[in-house]
Structure formats: structure tokens, C-alpha cells
Amino acid sequence: MSTLRVGVLAYPGCFASEVFGVPDLLTMATHVAGPDGPGYEVSIVSPRRRVTASGGTALDVSPLREVDVLVVPGFELLPSLDVDAKLAPLAAEIAAIRSHAAGGTAVVSICVGAFLLAEAGLLNRRPATTAWLLADELARRCPDADVRPECLVVTDTGVTTTAAFSAMYDFALDLIRRHSGAGVARTTARVALVDDARSSQTPYVDARLLPQPGNEFSHQVMRRLDQNLAARYDLAALSDTFKVSTRTLLRRFAHETGQSPLEYLQSSRVRRARHLLETTDRTVAGISAAVGYRDPSTFAALFAEHTGRRPRDYRAAFRRVD
């Protein structure tokens, strides 16, 4: 078998251990397989010249290049943190993920790296997984995905997502098994003291760490709004859907999220509009209508308020060019 080219996409704030974890296990597999075995050519790539990972670790990176497998590490993310704030500065990386996938490269996310894949549009209508602690958040942000929080590794037509942190080793062992054979994978696992028989992350779930049950109401409202972005905002109808008064809905939602349903809907619409501006040739007016605004000028003002750029300026800065 030929040498497998693996690229790890480094970006600001990514977990340094997840940048090096897969390459290190592949290096062990190469030694186990011997000089006549299939090898791995691993590089750490980035659209940036300099990258500082978690803990202030400076990484040596190479320019983006053609690879067979692109690995996207995760980053520090807690249920209380703002995902949009984490992802907003990573437009170049998200564009690189999208471009590699469009070119036929297999794309793999480690842990919450799945959120970058979701932003790149790779999880729509796919099964996927991520860290069990953030699975509900991924499902909310990407309602078209079939999020499977019990799974360690999920692969679907060139896109692989993994569970939290150590699941990078479950993925790497599977990659070694397919590229170098079951014997090499088994021996590598023994050398590295890595469990090669795990099949689920369910045994690791600690319900005490999950968002409190009181937040389930707001999550349901969020999902409803996300699934109907283009519909007219109707607070009375939304309240009827959840069989509560408008006053109760507003109070409970604000208590759990610190914002109103309309404020959440506006940020979700802007997030969807950003994706369409980056990935399609649809007109601004068409995108405005697609996310629920009949008046493009109203949409443009809201978009600028959330992103600091008018829609056309945003497209000029972040539009992917194939």
C-alpha cells in the first residue's frame, strides 16, 4: 500500500495534544509495521503563518497542501461558553475544511472539532458524534445532523467525527487497522497502552456534568427556532407550541439563556446567513429572504450589528474561491 498523507489542521486555541496525538500513534504504527509496511506522511498545516495552541504552545506549521486525510482537532469548550465567539475568528480554517472536503479529502474531527465541520456544512444530513457533554449543543446548532452521543467514532462518506479527547486514539487505531492491518493496530495499541476494544462513550457519561434539566425548555425552543429560520417570528404561536403563555415563555427562556427568543433567533439567522454568503452565489436579497427578512436593508443592518461588516463586505472577505 502507498504512503497515506495525513494533515492536521492547526488553529489558534486548538488543543496541542490533539494536534500531536494522532501523528504520534501513527509514528508508533510505522515502527511496529517495520520498513516494509505501509507508512504515513504527517504534516501540521494551517492557512496561517503562526499558530499558538492551547496553553500558549507555539506550533510549527506548514502551508495547506493536498492530503488524503485532514484531521481537525478540538478546542476548549464548556457548555457555558459562547460557541459563536470561539468560531468567529476561524473563517479561514472553516473555508479550508470545506475546500478539502469538496476536493475529495477525507475529513476527521476530534472532539469538538465537529463544530468546525458543522460550520463548514459537512454535517448536514449526516450521522455524527462529538463529546457527550456538548452533543446537545451540536444537535441544536446543526439540526439537520443525526447526532449520536453514544458513539466513539462515526464515519459517513468521507466525513468522520469522534467523541471527546481520547477518542482520537480510537480513530487513529481504526485508521491504522484499515491502512496497515489489524495486527499492526493491535500491537500498536499494546505498545501505547491504548484500549482498542471500546465501542461506546456511554459508560463515561456523568449526568452531574450535563446542563441542568431546567435548561431543556430553552434548548427545545432554540431547536424549534433553528428549524424555522425563514418563518415569521410569532411569539404567540411559539408559546402555543410549548403550551405556555407568552409571558411564561419569555421568563423561562430569559432565565435559562439570559436573552429573549427573538435575540437568539436573530443570532441564529445571522449565523446561517454567514454560511450562505461564504458558500453560495445567492444574492444578498435571496439570502435575506432565506433567513426570514423580506427587507434586505433591515437584514443588512442586523448582519452588520452582529458581525461588524455589511453582507457584501463579509462575502468579499470570506467567500470561498475554488
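What percentage of the 322 residues in the protein chain is buried? In this predicted model, buried residues make up 47% of the chain. That figure is a handy place to start a tour of the fold, which moves from the whole chain to a few individual residues.

The protein chain contains 14 helices and ten strands. Its radius of gyration is 21 Å, close to the 20 Å that the globule rule gives for 322 residues, so the chain is as compact as a globular protein of that length. Measured out along the principal axes would be one way to picture it, and there the C-alpha trace spans about 70 × 45 × 35 Å.

Contacts tell another part of the story. Among the contacts in the protein chain with a separation of 6 or more, 67% are accounted for by residues 24 or more positions apart. On the outside, the chain exposes about 15500 Å², and 50% of this area is supplied by carbon and sulfur atoms. The chain also carries 37 positive and 35 negative charges, and the mean positions of these two sets are 5 Å apart.

Two residues in loops deserve a look for their backbone angles. Arginine 125 is not a glycine, yet it has a positive phi of about 60 degrees. This arginine sits in the loop that runs between helix H4 (114–119) and strand S7 (127–128). With a relative accessible area of 69%, arginine 125 is exposed, because exposed means over 50%.

Leucine 193 offers a second case: its phi is positive, at about 60 degrees, although leucine 193 is not a glycine. Its place is the loop between helix H7 (182–192) and helix H8 (216–226). Is leucine 193 buried or exposed? Its relative accessibility is 78%, so leucine 193 counts as exposed.

Leucine 302 brings the view to a helix, namely H13, which covers residues 296–307. The relative accessible area of leucine 302 is 9%; this is under the 20% cut-off, so the residue is buried. Which residues does leucine 302 touch, leaving aside those up to four places away in sequence? They are Gln266, Val270 and Tyr293. Leucine 302 can also be placed relative to arginine 274: the two are 28 residues apart in sequence, and their C-alpha atoms are 12 Å apart in space.

Definitions and conventions. Residues are numbered from 1 along each chain as its sequence is written. This is a predicted model: local features need pLDDT of at least 70, side-chain atom pairs count only at pLDDT 80 or more; totals for chains, interfaces and linings use all residues. Side-chain values use heavy atoms; hydrogens and water are left out. Helices (H or I, at least four residues) and strands (E, at least two) are DSSP runs, numbered from the N terminus. The radius of gyration is taken over C-alpha atoms; the globule rule is 2.2 Å times the number of residues to the power 0.38. Buried means under 20% relative accessible area, exposed over 50%, partly exposed in between (1.4 Å probe, protein chains only). Contact means heavy atoms within 4.5 Å. Accessible areas come from the Shrake-Rupley method with a 1.4 Å probe; for residues, only the protein chains shown count as cover. Lys and Arg count as positive and Asp and Glu as negative; His and the chain ends are not counted. The place of a charge is taken as NZ of Lys, CZ of Arg, CG of Asp or CD of Glu.
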